[in-house]
Each structure stands twice: as structure tokens, then as C-alpha cells.
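Student: I would like to go through this model one question at a time. Please give the reasoning first and the result last.

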Amino acid sequence: MEKILVTRSSMPELDEYVDEIKSIFESHWLTNMGEKHNRLEEELAEYLKVRNILLFSNGHMALELLIQAMGLTGEVITTPFTFASTTHAIVRNGLTPVFCDVNPEDYTIDVNKIEALITEKTSAIIPVHVYGHLCDVEAIEAIAKKHNLKVIYDAAHTFGEEYKGRGVATFGNASIFSFHATKVFNTIEGGAVCFNSSENGLREKLFGIKNFGIWDEELIKDVGANAKMNEFQAAMGLCNLRHIDRELAKRKAVVEHYNERLSGVNGLKISAPQKDVKPNYAYYPVIFEPEEFGKSRDEIYELLKVNEIYARKYFYPLTNTFECYKGMFDMGDTPVALDLSKKVLTLPLYADLRIDQVDRICDIILGR
Ligand code: T4K
């Protein structure tokens, strides 16, 4: 039986990568903001339609160090329906996550529930564009303005998306992307902080913090970390970026075939296209309502697994139920997120997934 995993990294042809890394073998310049790193920053700024971009070793460090650089304090409003990284980045900065529920339509932060959670200690909102579903950026901006809060978007899933023709990373004070192997665009491991706003000295501060806080050989201004993207990562990014439009078109075809097979099925909910959003087809989440569909998410997960198909329960468990946070802070009341986490399954999705493979997956789910 052919094994199908939830995703499969996009890669260039070997020759293309070898060509790209030849100059690294000539220069012996391997890391610390080299030529490939700088070229990738320039190319990505253009592709993502954003003014400022800084590359990082991974998406998590981008978020963790962005929070540090922005000097957030006290409480941060966020959602628990996300990957461990979002909440960990807040907690590892010594801040308190305040969990807001998500909305049942697109699973992003419920903007109607944010204001009730704001206290005098709140310094920021960190919403997640989960699965590539865009948050209600306009409502969030209005709330942030009214209460003088910063907004950082976890845009790990949202590479290349646009809203009303604007790059997604232009919203809020700043956004982070993940360029992990499992993402629409990868640099093996990697990530970025992007922003349009003219945050006072943010670029310089981040540039220092990702390199031990070193501003020059004799001036160490911040308690920094090491989160630099190396030249081999950047070379992979330069190659993958050349093929991104073709990759997206292939993902689109896969998503459209899933939609044809799974829409209108009683007890199955698939994601609806969002108005004014240029999507990136990052994930294919399906909600299984056991009563109406006749089978639970967990039953389908197991059924696929015995057929060598490895779908994933992203994002179960919720971060506010994690063992490591027990007794640390108020876990909040997030019933919509809790319900979703028990019913959602993300189906295999990647550019090279064949249509006959999609059919096999759907046949198993639909009991055909
Ligand atoms: N914020 C959000 C909302 C995120 O989802 C993430 C990461 C982050 C922040 C942090 O960004 P990074 O620091 O990771 O850049 C995976 C990814 O490791 C993680 O990047 C991603 N989110 C998360 C949703 O998924 P796992 O633990 O599920 O990965 P793993 O190893 O089980 O891989 C899943 C599948 O991907 C495998 O079954 C096959 C495929 N795969 C995996 C690897 C490692 C490949 O095809 N190639 C590979 O090299 O977390």
C-alpha cells in the first residue's frame, strides 16, 4: 500500500540547488547574513509586498525574538487553537497568555470576545492566521487602536497571501512567517519577521537580537540569542521561490479536487474561500460532526491510518490544555476552540499529491 503523509516538502531539482550553493564553496561564507541571505531578503520583500523583512533560523525564533524586541509586558491576548510555538513564544518571554476563543467560521480569533479580556496589564494581541485563514484584520486594528495595544500576527501559515491586494504581512505592527520544511515555501528550517509600520528602530533591534545582541564588535546592546538563517537555508529559499507560483497552482488543483469530492456531504465541513483573500492552499482542514456524518474525527483518523494515510489532528490538543502549563495561569474558557480541536482533521496536501491519491483518501472517508 502506498504511504501518504500529511505533507511533503517542496524541493528544487538537485542540479539547481547544487548550482546555487557552488558560490558558497568558493567563498567559504556559510552564515551571519551572507550574500544569499541578503538576496533572499530582497526577493521575499518584493514577493510578499512588504517594506521590512528580517530572516530567522525558524518561525518560532522569529516570533519569540519579535516579542522581545517589541518590549511587550504583562498580558497578551491570543488563541489556543494553534501550534505550540505561538503560546510558547509568549510564555518564554515571561508574559501571560490570555486565551480568547476562536470563531466557528474560519477558526481565527473571535473579534467579538477580545475586548472583554483586555485589562490594564494587556500590552498586545497575537492572533493566528490559522491554516492560512485570514483573521479579521480590520476589526483587530480598530480594537488595538482604541486600547493602544500592539498587534503581532502569527502568519506562519499565510505565506504569499494577500488581502484586498495588500500583502498579509503589512497588517498589525508586525507578522512572522515560518519557512519550515512542511510549509508552502520552505528554506529547510527558517522564518521571517515582516512589517510595514515604521516601528521605532525595530529593524535594528531585531537585527541585533538575532545575533546575540551585537550591534558592533564592541557594543552589545541587547540580551540576544542566535537565530540567524544560514547560507544553505537561504540557497534553498532562492531556489524554491523560483517555483512558488507553479507550486501554488498545483496545490490549488489538489484543493479543488478535495472540494469537489467533499462539499455538500452531511456532517462534513470544509473551509469556504474568504472574501478579498488571495489564498495559498496551505492546509486542508475538515470538521467531522460525528452525529450527522456517522463517524468521529478519531475514527476517520484511524481508518486512514490503517490504509497508510497519515492525516494530522492539527490543532489538537489546544495549547491551553498543555501539560506544561498546568497551574501556571488561567487557561480561559474557549469552548468553540475545544470543540473544533476534537473534530478537525487536516488531510494530506502538497503540490505533488496526485488526483488519484486525493480520490483514494476521499473514498476511504466517504466509505466508497
Ligand atoms: N506558528 C504556527 C501557527 C505554526 O504552525 C508553526 C509551525 C510555528 C509558529 C513555528 O514555525 P517553525 O519554528 O516550525 O518554523 C510541523 C512543523 O514542524 C511546524 O513547522 C508546523 N508549524 C507544524 C504545524 O507542523 P510536526 O511536529 O507536525 O512535524 P512532523 O515532523 O510530524 O512533520 C509533519 C509531516 O511533514 C511529516 O509527516 C512528513 C512531512 N515532512 C516533515 C519533515 C520534517 C516532510 O515532508 N519533510 C520534512 O523534512 O510540526
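Student: Is Cys362 buried or exposed?

Tutor: This is a predicted model, and the values here are computed from it. Buried means under 20% relative accessible area. Cys362 has 0% relative accessibility, so the class for Cys362 is buried.

Student: Which accessibility class does Cys324 fall into?

Tutor: The class between the two cut-offs, 20% and 50%, is partly exposed. Cys324 has 44% relative accessibility, so Cys324 counts as partly exposed.

Student: How many disulfides does the model have?

Tutor: A disulfide is a covalent bond between the sulfur atoms of two cysteines. The rule applied here asks for a pair of cysteine sulfur atoms within 2.5 Å. By this rule the number of disulfides is 0.

Student: At which residue does UniProt place the feature "active site"?

Tutor: The UniProt entry is unreviewed, and the annotation may be inferred rather than shown by experiment. The entry also places "modified residue: N6-(pyridoxal phosphate)lysine" at Lys183. The "active site" feature in this unreviewed entry is at Lys183.

Student: Where is Lys183 in the secondary structure?

Tutor: Two strands frame the position: β9 covers 174-178 and β10 covers 191-195. Lys183 is in the loop between β9 and β10.

Student: Is Lys183 buried or exposed?

Tutor: Contacts of Lys183, leaving out residues up to four places away in sequence, are Ala156, His157, Ser178, Arg251 and Tyr283. The relative accessible area of Lys183 is 14%, and the cut-off for buried is under 20%. Lys183 is therefore buried.

Student: Which residues are closest to the ligand?

Tutor: The ligand is surrounded by 25 residues. The closest of these are His60, Asp154, His157, Ser178 and Tyr314.

Student: How much of the ligand's exposed area does the protein bury?

Tutor: Polar pairs with the ligand include a side-chain N or O atom of Lys183 at 2.9 Å from a ligand nitrogen, and a polar backbone atom of Gly59 at 2.9 Å from a ligand oxygen. A polar side-chain atom of Tyr314 is 2.5 Å from a ligand oxygen. Taken alone the ligand exposes 920 Å², and the share of that buried by the protein is 75%.

Conventions
Residues numbered from 1 in each chain as written. Predicted model: local features only at pLDDT ≥ 70, side-chain atom pairs only at ≥ 80, totals over all residues. Heavy atoms only, no water. Buried < 20%, exposed > 50% of the residue type's maximum accessible area, 1.4 Å probe, protein only. Helix = DSSP H or I, 4+ residues; strand = E, 2+ residues; numbered from the N terminus. Contact = heavy atoms within 4.5 Å. Near = heavy atom within 4 Å. Polar contact = N/O pair within 3.5 Å; in protein donor to acceptor, adjacent residues only side chain to side chain. Areas by Shrake-Rupley, 256 points an atom, 1.4 Å probe, with all protein chains shown as cover.
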